[in-house]
Amino acid sequence: MLTRLAVINVVGLTGSLIGPDMPNIGRFRDQGAQARIVPAFPAVTCTAQSNYLTGTTPSRHGIVGNGWYDRTLAEVHFWKQSNHLVAGPKIWDALRARNPAFTCAQLFWWYNMYSTADYSITPRPAYPADGRKVFDIYSWPPDIRPEIKRALGEFPFPSFWGPAAGVAGPHGSADAASRWIAESAKWIEQKYSPTLSLVYLPHLDYNLQRHGPAAPVIAADLKSIDAIAGDLIAFFKSRGVRVVLLSEYGIGAVDTPVHLNRVFRREGWLAIKEELGLELLDSGASRVFAVADHQIAHIYLNDHSLESRVRDLLARQPGVESVLGAKEKAELGLDHLRAGDLIAIATERAWFTYYYWMDDSVAPDFARCVDIHRKPGYDPVELFLDPNIPLVKLKILRRLLQKKLGFRMLMDVIPLDASLVKGSHGRRVLRPGEQPVLICEGKEGSLPPQLDSTEVFGFLTNLL
């Protein structure tokens with residue numbers, strides 16, 4: 001009989017957060033075993049998950065961040081979803097090769113489309129030709145999608161990312177997205193009983209970035225995710241499924257946004273094109289530009305004669321801790337064509353923005369929207385509503401009414417003030433207690449005090 005396993009990814013969970021506000025997770029840890037995880041580099045969602053699921057680094061699997069510059073298309077791409085982007089066999093491929101009866105469910109882990117997993121659900125809006133964005137999910141097999149929506153209702157997409165994420169409102173409770181995903185894991189288990197269930201619970205991610213780990217509001221978030229995780233643990237255990245909790249990274253306090261593209265623009269290295277009176281970054285024509293991803297920035301050089309000048313400039317830039325070149329990238333497992341020619345790492349309390357405009361009046365229209373695919377970098381400011389817009393929620397209602405009536409509209413309610421962000425991640429060197437963790441049932445003798453992110457693959461494989 002196959003051992004069955006549920007891996008519950010509690011995003012942002014660290015040892016320092018497990019305390020009185022997390023009785024269920026604390027009990028699970030005390031009755032079992034815990035290891036610190038030396039995080040992936042960069043310590044961001046897509047890279048961390050790819051390290052866990054392949055047992056390799058970006059040098060092999062190619063996921064150098066949540067996004068990167070495609071040198072052939074001369075375009076920056078973030079949050080793509082095809083599993084074909086992740087090179088090499090995944091954990092379900094390896095286990096299925098051992099036992100053809102093995103099955104896997106991948107529930108909201110990233111790169112979840114067109115994989116060889118047996119069952120999958122992932123967020124996937126529809127984009128009709130009239131310019132609308134219709135919230136929805138994608139599933140495999142396809143008939144899961146209508147069936148699970150009938151059972152659980154529509155996925156509360158606004159609570160998954162954006163200013164409504166982690167905040168109670170008309171879309172539901174503050175933890176609505178994680179609750180829906182947890183219920184989807186139960187639904188899949190009851191219908192298919194997969195050998196391996198991969199479950200993604202993002203609730204902690206939002207306010208830890210929005211307010212920082214020391215904010216009083218975090219206590220309520222800890223209680224919420226503990227209740228969800230505790231319920232899932234009890235559910236899986238009642239069905240004879242072993243449980244592993246893990247996380248991808250720890251989120252530290254920040255107060256210093258660093259605008260590298262503005263630095264490069266002042267040097268005359270950035271190419272900007274004007275469209276409809278607004279400024280767009282022309283990455284293909286730029287001599288140097290940065291693709292920001294939390295506390296890491298990939299620096300791409302279309303003019304390689306500038307490499308030493310760029311490196312020297314970055315090394316002098318406040319908020320930049322270090323700069324990696326080819327040698328250092330290879331040592332850290334990041335020597336892949338998709339990676340920047342140079343990698344900038346922020347200091348502990350700093351993070352990198354994608355901002356390239358010098359005047360907010362000519363910022364691109366997407367800058368003031370939740371638009372994760374158009375922005376040439378990660379933008380945590382999407383977690384906020386612009387405090388300078390009077391009665392901003394009335395503006396949102398007006399925009400939603402325009403949408404419902406079939407009019408084109410722009411949900412331009414996101415501020416351009418990067419100083420609002422109070423938490424970030426991406427660095428590999430962290431304070432004690434801020435590392436991600438892996439917690440398993442039982443006093444697992446094979447679990448060392450610390451695992452490298454690439455060793456998670458082998459540990460999970462051995463359990464199965």
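Here a trainee and a mentor talk through a predicted model.

Trainee: Why is Ser-193 called partly exposed?

Mentor: Ser-193 has 30% relative accessibility. Buried means under 20%, and exposed means over 50%. The value falls in between, so Ser-193 counts as partly exposed.

Trainee: And why is Leu-391 called exposed?

Mentor: Leu-391 has 65% relative accessibility. The cut-off for exposed is over 50%, so Leu-391 counts as exposed.

Trainee: What makes the backbone at Ser-193 worth a look?

Mentor: Its phi is positive, about 50°, although Ser-193 is not a glycine. Most residues other than glycine have a negative phi. Ser-193 sits in the loop between α6 (176-192) and β8 (196-201).

Trainee: What is the phi of Leu-391, and where does Leu-391 lie?

Mentor: Leu-391 has a positive phi of about 50°, and is not a glycine. Its loop runs between β18 (350-352) and α12 (392-404).

Trainee: Which peptide bond at Phe-41 is cis, and what is its omega?

Mentor: The one that joins Phe-41 and Pro-42, with omega about 0°. Pro-42 belongs to the loop between β2 (33-38) and α2 (45-54). Another cis bond leads from Trp-140 to Pro-141, where omega is near -5°. Pro-141 is found in the loop between β7 (137-140) and α5 (144-152). Most peptide bonds are trans.

Trainee: Which residues of helix α10 are buried?

Mentor: Val-310, Leu-313 and Leu-314 are buried in α10, which spans residues 307-316. They cover an arc of only 100° around the axis, so they are on the same side of α10.

Trainee: What covers these buried residues, and what does the face turned away carry?

Mentor: The cover includes α9 (260-266) and the strands β14 (288-293), β15 (296-301), β16 (320-324) and β17 (342-346). The face turned away from the buried side carries Ala-315 and Arg-316, both exposed.

Trainee: What makes a space in the protein a cavity?

Mentor: A 1.4 Å probe fits there but cannot get out. This structure holds two cavities of 30 Å³ or more. The largest has a volume of about 60 Å³. The second largest has about 40 Å³.

Trainee: How does the lining of the largest cavity divide?

Mentor: Into four nonpolar residues, three polar and one charged. Gln-49, Lys-90 and Trp-110 are among the lining residues. Lys counts as charged, so Lys-90 goes in that class.

Trainee: How does the lining of the second largest cavity divide?

Mentor: Into four nonpolar, one polar and three charged. Its lining includes Gly-377, and Gly counts as polar, so Gly-377 goes in the polar class.

Key: Residues are numbered from 1 along each chain as its sequence is written. This is a predicted model: local features need pLDDT of at least 70, side-chain atom pairs count only at pLDDT 80 or more; totals for chains, interfaces and linings use all residues. Side-chain values use heavy atoms; hydrogens and water are left out. Buried means under 20% relative accessible area, exposed over 50%, partly exposed in between (1.4 Å probe, protein chains only). Helices (H or I, at least four residues) and strands (E, at least two) are DSSP runs, numbered from the N terminus. The arc is that of the directions from the helix axis to the C-beta atoms. Contact means heavy atoms within 4.5 Å. On a 1 Å grid over the protein atoms alone, a cavity is a set of points where a 1.4 Å probe fits but cannot get out, and a pocket is an open set with protein on both sides within 12 Å along at least five of seven lines; lining residues have an atom within 4 Å of a point. Grid points are joined across faces, edges and corners, and a volume is the space filled by probe spheres set on the points.
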